Amino acid sequence: MNKIGVMTSGGDSPGMNAAIRAVVRTAIFNKMEVFGIRRGYQGMIEGDIFKMETTDVSNIIQRGGTILKTARSKEFMTLEGRAKAYAQLMQNGIEGLVLIGGDGTFRGANVFFEQYPIPAVGLPGTIDKDLAGTDFTIGFDTAVNTAVEAIDKIRDTADAHNRMFVVEVMGRDAGYIALNSGIACGAEDILIPELRTDIHLVIQKIKEDVRRKKNVHLLVVAEGDDFGGAEDVKKALLQDLPEADVRVCILGHIQRGGAPSFADRVLASRLGFAAVNALRAGKHQVMVGQINNEMVLTPFAEVVKQKAIIPADLQAMTYVLST
Ligand code: ATP
């Protein structure tokens with residue numbers, strides 16, 4: 001394999017640039033040509049493809065976002081769209097792909113490969129950490145650190161005014177950011193999509209805390225919690241505790257941006273290096289992940305089928321440590 005393409009797809013995550021850098025440099029070191037594909041599958045369809053040199057990835061390891069841009073592509077979901085994408089790859093002589101994205105990106109790669117024989121290796125690039133086959137995903141550590149920094153600041157002002165705060169963090173389907181930032185900030189409760197929320201129990205615990213004259217009541221809720229987002233939780237709290245001073249803070253997109261943490265830079269570098277070596281070794285339709293500090297290949301089909309599992313002890317621990 002002499003010519004490969006690299007792209008970022010789906011939601012962006014800090015550390016994608018470090019991954020692109022690792023892919024480009026490893027490929028060029030091995031005498032391969034690398035083509036950057038801008039805006040994910042949509043750029044592939046439109047032929048937004050350019051040859052990359054080692055200097056194209058200079059000075060980006062510390063930058064958030066992605067120099068290749070990213071997108072969600074409805075057109076790639078269609079047969080015609082994928083036919084156009086394949087034609088563009090052929091026109092550029094691309095023989096293999098490195099895809100940096102989340103489960104949707106790998107689902108797309110699987111469908112694509114069923115029709116066209118283009119080998120692809122994936123890197124888990126998502127702040128949500130909702131993929132099987134890896135202990136961490138690129139961007140998760142940075143996103144949690146961003147949330148922690150923000151929630152610590154909220155705690156200061158909550159304490160000054162004896163206020164209750166409901167902080168909403170990202171995670172439509174996955175509660176890892178909420179769970180980890182909540183634990184790290186000593187949240188009184190953490191509401192995540194993976195565990196059914198009993199709002200009466202949440203309120204009961206807050207009432208108990210109020211009785212014990214606890215000053216700060218900080219709830220961290222993932223945006224996709226089954227009960228609802230932060231505004232819904234606030235409404236429910238006020239129904240039972242009409243005197244309470246409850247404020248909502250939705251952290252939003254700040255969790256996606258910013259310089260990647262050292263952990264995300266190192267992870268992205270290792271995964272990018274391993275992905276190119278996997279392609280060179282003839283491996284395809286696999287995601288490279290890191291499990292117990294080792295690089296591990298998992299077929300796309302398994303990555304998208306399973307969800308990463310929330311360790312059972314964490315919820316119990318959160319309850320005990322916040323009492
Ligand atoms: P994140 O987890 O950060 O949202 P993602 O990779 O899961 O990232 P998606 O938007 O779900 O983001 O997927 C990226 C793109 O993959 C989609 O916009 C679409 O073009 C393509 N894709 C997803 N599922 C399929 C599918 N079943 N068939 C073809 N293409 C798909």
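In which sense do strand 7 and strand 8 pair, and over how many bridges? In this predicted model, strand 7 and strand 8 (residues 217–222) run parallel and are joined by 3 bridges. The views below start from that pair and then turn to salt bridges.

**View 1. An open sheet of 4 strands, paired in parallel, has the order 7-8-6-9.** The edges belong to strand 7 (189–191) and strand 9 (246–250); each has a single partner strand, so one side of each lacks a neighbour in the sheet. On average, neighbouring strands here are turned by 20 degrees against each other, direction ignored.

**View 2. Strand 8 pairs with strand 7 and with strand 6.** Parallel pairing with strand 6 involves 6 bridges. Look for Leu 219 of strand 8: Asp 189 stands opposite this residue, and Leu 219 is also the bridge partner of Val 166. A little further along, Val 221 in strand 8 is the bridge partner of Leu 191.

**View 3. Strand 8 is covered on both faces.** His 217, Leu 219 and Val 221 are buried on one side, while Leu 218, Val 220 and Ala 222 are buried on the other. Because 6 of the 6 residues of strand 8 are buried, this strand is largely enclosed by the rest of the structure.

**View 4. Helices accompany the sheet.** Helix 7 (residues 199–211), together with strand 7 and strand 8, makes a right-handed β-α-β unit. Helix 8 (residues 230–240) lies across strand 6 (164–169), strand 7, strand 8 and strand 9, and runs at about 175 degrees to strand 9.

**View 5. Asp 103 and Arg 107 form a salt bridge within helix 4.** The closest N and O atoms of this pair are 3.4 Å apart. Both residues sit in helix 4 (residues 103–115), 4 residues apart, which is about one turn of the helix. Asp 103 is partly exposed at 23% relative accessible area, and Arg 107 is partly exposed at 41%. Elsewhere, Arg 38, Arg 39, Glu 46 and Asp 48 are joined into one network by salt bridges that share partners.

**View 6. Two further salt bridges link Glu and Lys side chains.** Glu 75 meets Lys 84 at 2.7 Å, N to O; Glu 75 is partly exposed, with 27% relative accessibility, and Lys 84 is partly exposed with 43%. Glu 53 meets Lys 51 at 3.4 Å, N to O. Here Glu 53 has a relative accessible area of 39% and is partly exposed, as is Lys 51 at 38%. Across the whole structure, a search finds 16 salt bridges.

Definitions and conventions. Residues numbered from 1 in each chain as written. Predicted model: local features only at pLDDT ≥ 70, side-chain atom pairs only at ≥ 80, totals over all residues. Heavy atoms only, no water. Pairing = 2+ DSSP bridges. Helix = DSSP H or I, 4+ residues; strand = E, 2+ residues; numbered from the N terminus. Axes fitted to C-alpha atoms, helices over the stretch in contact; angles between N-to-C directions. Contact = heavy atoms within 4.5 Å. Buried < 20%, exposed > 50% of the residue type's maximum accessible area, 1.4 Å probe, protein only. Right-handed = clockwise from strand over helix to strand, strands pointing away. Salt bridge = Lys/Arg side-chain N within 4 Å of Asp/Glu carboxyl O.
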